[in-house]
Amino acid sequence: MKKWMSGLFGRGKKGEGEAPKQPAPPAWDGYPPLDGPPPSGCGGLTVLIAEDTAFLQEAMVAFLRGRGVDTVTADDGATALALYRDDPARFDVIVMDLQMPGMDGREAACEIRRSGAPGSETIPIIAMSGNAPPEEVARLFDLYLQKPFQMGQLELALLRAVKRG
């Protein structure tokens with residue numbers, strides 16, 4: 001067992017099982033920290049993010065705010081729908097997880113499209129999911145992000161959604 005532990009953790013002293021010192025991991029999305037104005041064309045957008053996984057929601061918000069994007073978050077489809085109905089002109093794009101508790105992203109997207117609010121039929125809605133049938137995505141959503149995705153893919157999807165990229 002000690003030999004296996006030594007091989008697993010590196011070349012610590014025999015039997016101690018010390019982990020080798022490793023350099024800090026690279027930035028999780030591959031982007032360096034930003035100083036100064038955001039380099040992307042996403043700056044100035046307001047994005048409604050409907051995502052029930054707190055970590056992913058927080059990561060998306062931090063990334064987008066660092067690029068000059070205003071964000072509003074919802075933990076489920078019903079909250080996203082209510083936020084949109086309250087002020088539809090506020091949002092440039094909606095990023096919607098398909099699988100959320102309560103009202104899921106599919107139902108929320110349908111309700112947004114049927115709401116009759118100004119722009120509800122044309123506002124870009126980007127779907128996020130680990131697995132979604134392509135025909136469903138094409139019918140309900142403008143773009144699709146396959147989870148897991150890198151933050152650069154989110155940025156590109158936003159640019160495409162508003163036709164800036």
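Me: I have this protein open in front of me. What share of its 165 residues count as buried?

Reply: Good place to start! This is a predicted model, and in it 40% of the 165 residues count as buried. The protein exposes about 9600 Å², and carbon and sulfur atoms supply 54% of that area.

Me: Which helices and strands should I look for, and in what order do the elements run?

Reply: Look for six helices and five strands. Starting at the N terminus, the elements run α-β-α-β-α-β-α-β-α-β-α. As for contacts with a separation of 6 or more, 62% come from residues 24 or more positions apart.

Me: Now the sheet. What is the order of the five strands?

Reply: First, the general idea: strands of a sheet pair through backbone hydrogen bonds, either parallel or antiparallel. In this protein the five strands form an open sheet in the order 2-1-3-4-5, and the pairing is parallel. Strand 2 (70-74) and strand 5 (143-146) are the edge strands, each pairing on one side only. From one strand to the next, the twist averages 20 degrees.

Me: Let me zoom in on strand 1. How many bridges join it to strand 2, and how many link it with strand 3?

Reply: Five bridges join strand 1 to strand 2, and the two run parallel. One residue to find is Thr46, whose bridge partner in strand 2 is Asp70. With strand 3 (residues 93-97), strand 1 (residues 46-50) pairs over four bridges, also in the parallel sense. There you can find Ile49, with Val95 as its bridge partner in strand 3.

Me: Which way do the residues of strand 1 point?

Reply: Thr46, Leu48 and Ala50 point one way, while Val47 and Ile49 point the other way. Both groups are buried, and strand 1 is mostly covered, with five of its five residues buried.

Me: Why does Thr46 count as buried?

Reply: The cut-off is a relative accessible area under 20%. Thr46 has 11% relative accessibility, so it counts as buried. Leaving out residues up to four places away in sequence, Thr46 touches Asp70, Arg90, Phe91, Asp92 and Val93.

Me: What about a residue of strand 2, such as Thr71: buried or exposed?

Reply: Thr71 counts as buried because its relative accessibility is 10%. Its side chain makes a polar contact with the side chain of Arg65, at 3.1 Å. Apart from neighbours within four places in sequence, Thr71 is in contact with Val47, Ile49, Val61, Leu64 and Arg65.

Me: Let's turn to the helices. Which strands does helix 3 lie across?

Reply: Helix 3 (residues 77-86) lies across strand 1, strand 2 and strand 3, and runs at about 135 degrees to strand 2. Helix 6 (residues 151-161) packs on the sheet too, touching strand 1, strand 3, strand 4 (125-129) and strand 5. The direction of helix 6 makes about 175 degrees with that of strand 5.

Me: Why is helix 6 largely enclosed by the rest of the structure?

Reply: Here is a handy idea for reading helices: an α-helix has 3.6 residues a turn, so residues three or four places apart point the same way. In helix 6, eight of the eleven residues are buried, so the helix is largely enclosed by the rest of the structure. The buried residues are Met151, Gly152, Leu154, Glu155, Ala157, Leu158, Leu159 and Ala161. They pack against strand 1, helix 2 (54-65), strand 3, strand 4 and strand 5. After helix 6 comes Lys163, whose phi is positive, near 55 degrees.

Me: Which residues is Ile112 in contact with?

Reply: Ile112 lies in helix 4 (residues 105-114). Leaving aside neighbours within four places in sequence, Ile112 is in contact with Leu81, Tyr84, Ile94, Met96, Ser120, Ile123 and Ile125. Ile112 is buried because its relative accessible area is 0%. The C-alpha atoms of Ile112 and Ile125 are separated by 9.6 Å, and the two residues are 13 residues apart along the chain.

Me: One last feature: how many disulfides does the structure hold?

Reply: A disulfide is a covalent bond between the sulfur atoms of two cysteines. This structure holds zero disulfides. You can still look at the cysteines Cys42 and Cys110: Cys42 counts as buried, at 1% relative accessibility, whereas Cys110 is partly exposed, with a relative accessible area of 22%.

Note on methods:
Residues numbered from 1 in each chain as written. Predicted model: local features only at pLDDT ≥ 70, side-chain atom pairs only at ≥ 80, totals over all residues. Heavy atoms only, no water. Pairing = 2+ DSSP bridges. Axes fitted to C-alpha atoms, helices over the stretch in contact; angles between N-to-C directions. Contact = heavy atoms within 4.5 Å. Buried < 20%, exposed > 50% of the residue type's maximum accessible area, 1.4 Å probe, protein only. Areas by Shrake-Rupley, 256 points an atom, 1.4 Å probe, with all protein chains shown as cover. Polar contact = N/O pair within 3.5 Å; in protein donor to acceptor, adjacent residues only side chain to side chain. Disulfide = S-S within 2.5 Å.
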